[in-house]
Amino acid sequence: MPIALNSNVLVSRANSYLDITQYLTAHNTIRTLHDASPLTWSDDLAAGAQVWADACNFKHSDGVLSEIPYGENLAAATGSFSVNAAVESFMGDDEDTYDPSEPTFSDFTQIVWKNTTTLGCAYNTQCGNIFPANPGKATLHVCLYNPPGNVVGQAEYVSFWLMLHSSVFFVCDA
């Protein structure tokens, strides 16, 4: 059961069709490049992501959002920070530096994890506590994945394309 947060401190917003399309397109474009099947949208995962984003938690949830395991990617920035920019930030340099002979896990590997089939994301543009040195509001993007990727002992579930086309590939914190 998802955690319940005090609704008085939340800045709620529902995912619009445009948001959903942007999150799915950004993820599926990357997955297609790496021979991974397209993800579908999960309203349940999106609801959990919204709870975390609304609370402005710029740290991993450690599984408190659901009794069902899930993967997780987070990104935050001040100023304009679009869905595409957030998903691009998940990629980091990992796509070009992943080494399948010495796999490590990253936001990138969660995106291209072959067994992952569903995605739910959300964001909050009113987070004032994420970057204490910057008095402005930050935007926090939270994406949840099911089944989760980055499972120790299952690096073979990273797209085989990566193993054929890269000498060094991944690093993860999801």
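Start by selecting Gln126: at 39% relative accessibility, this residue counts as partly exposed, because partly exposed covers the range between buried, under 20%, and exposed, over 50%. Gln126 is found in strand 4. Keep in mind as you look around that this is a predicted model. Now add Gly136 to your selection. Gln126 and Gly136 are 10 residues apart in sequence, and their C-alpha atoms are 9.0 Å apart in space.

**The whole chain**

Zoom out and switch to a cartoon view. You should find 5 helices and 5 strands. Following the chain along its sequence, you meet them in the pattern α-β-α-β-α-β-α-β-β-α. Of the 174 residues in the chain, 46% are buried. Try a surface view too: the chain exposes about 8600 Å², and carbon and sulfur atoms supply 56% of that area. As for contacts between residues at least 6 apart in sequence, 75% of them join residues at least 24 apart.

**The sheet**

Next, colour the strands. Four of them form an open sheet of 4 strands in the order 1-4-5-2, with mixed pairing. Which strands are the edge strands? They are strand 1, residues 40-41, and strand 2, residues 71-78, and each pairs on one side only.

Select strand 2 together with strand 5, residues 138-146. These two run antiparallel, and 8 bridges join them. For one place to look, pick Leu74, whose bridge partner in strand 5 is Val142.

Now bring in helix 3, residues 83-91. Helix 3 packs on the sheet and touches strand 2 and strand 5. Its direction makes about 120° with that of strand 2. Then show helix 2, residues 43-54, which lies across strand 1, strand 2, strand 4 (118-127) and strand 5. Compare helix 2 with strand 4: helix 2 runs at about 25° to that strand.

**Helix 1**

Select residues 17-33 to show helix 1. Here is a small check you can follow: at 1.5 Å a residue, the 17 residues of helix 1 should span 24 Å, and the end C-alpha atoms are 24 Å apart, which agrees.

Which residues of helix 1 are buried? Select Asp19, Ile20, Tyr23, Leu24, Ala26, His27, Asn28, Ile30 and Arg31 to see them. An α-helix has 3.6 residues a turn, so residues three or four places apart point the same way. Show the surroundings as well: the buried residues of helix 1 pack against strand 1, helix 3, helix 4 (107-112), strand 4 and strand 5.

**Two aspartates with positive phi**

Step just past helix 1, which is followed by Asp35. Asp35 is found in the loop between helix 1 and strand 1. Most residues other than glycine have a negative phi. Asp35, though not a glycine, has a positive phi of about 60°. Is Asp35 buried or exposed? At 53% relative accessibility, Asp35 counts as exposed, because exposed means over 50%.

Now jump to Asp62, in the loop between helix 2 and strand 2. Asp62 is not a glycine either, and its phi is positive, about 55°. At 72% relative accessibility, Asp62 counts as exposed.

**Around the loop after helix 2**

Stay in the loop between helix 2 and strand 2, and select Asn57. At 18% relative accessibility, Asn57 counts as buried. Where does Asn57 make contact, leaving aside its neighbours within four places in sequence? Show Trp52 and Leu140, which are in contact with Asn57.

The structure holds 2 aromatic pairs. One of them is formed by Phe58 and Phe131. Show their side chains as sticks: the pair is edge-to-face, with 6.0 Å centre to centre and 65° between the planes. Phe58 sits in the loop between helix 2 and strand 2, and Phe131 in the loop between strand 4 and strand 5. The pair links distant parts of the chain, 73 residues apart. Phe58 is partly exposed, with a relative accessible area of 40%, and Phe131 is also partly exposed, at 30%.

**A cis peptide bond**

For the last stop, select Asn146 and Pro147. Most peptide bonds are trans. The bond from Asn146 to Pro147 is cis, with omega near -15°. You will find Pro147 in the loop between strand 5 and helix 5 (160-165).

Terms used. Residues are numbered from 1 along each chain as its sequence is written. This is a predicted model: local features need pLDDT of at least 70, side-chain atom pairs count only at pLDDT 80 or more; totals for chains, interfaces and linings use all residues. Side-chain values use heavy atoms; hydrogens and water are left out. Two strands pair if DSSP finds at least two bridges between them. Contact means heavy atoms within 4.5 Å. Axes are lines fitted to C-alpha atoms, for helices over the stretch in contact, and angles run from 0 to 180 degrees between N-to-C directions. Rings of Phe, Tyr and Trp (its six-membered ring) pair if their centres lie within 6.5 Å; planes under 30 degrees apart count as stacked, over 60 as edge-to-face and the rest as tilted. Buried means under 20% relative accessible area, exposed over 50%, partly exposed in between (1.4 Å probe, protein chains only). The expected span of a helix is 1.5 Å times one less than its number of residues. Accessible areas come from the Shrake-Rupley method with a 1.4 Å probe; for residues, only the protein chains shown count as cover.
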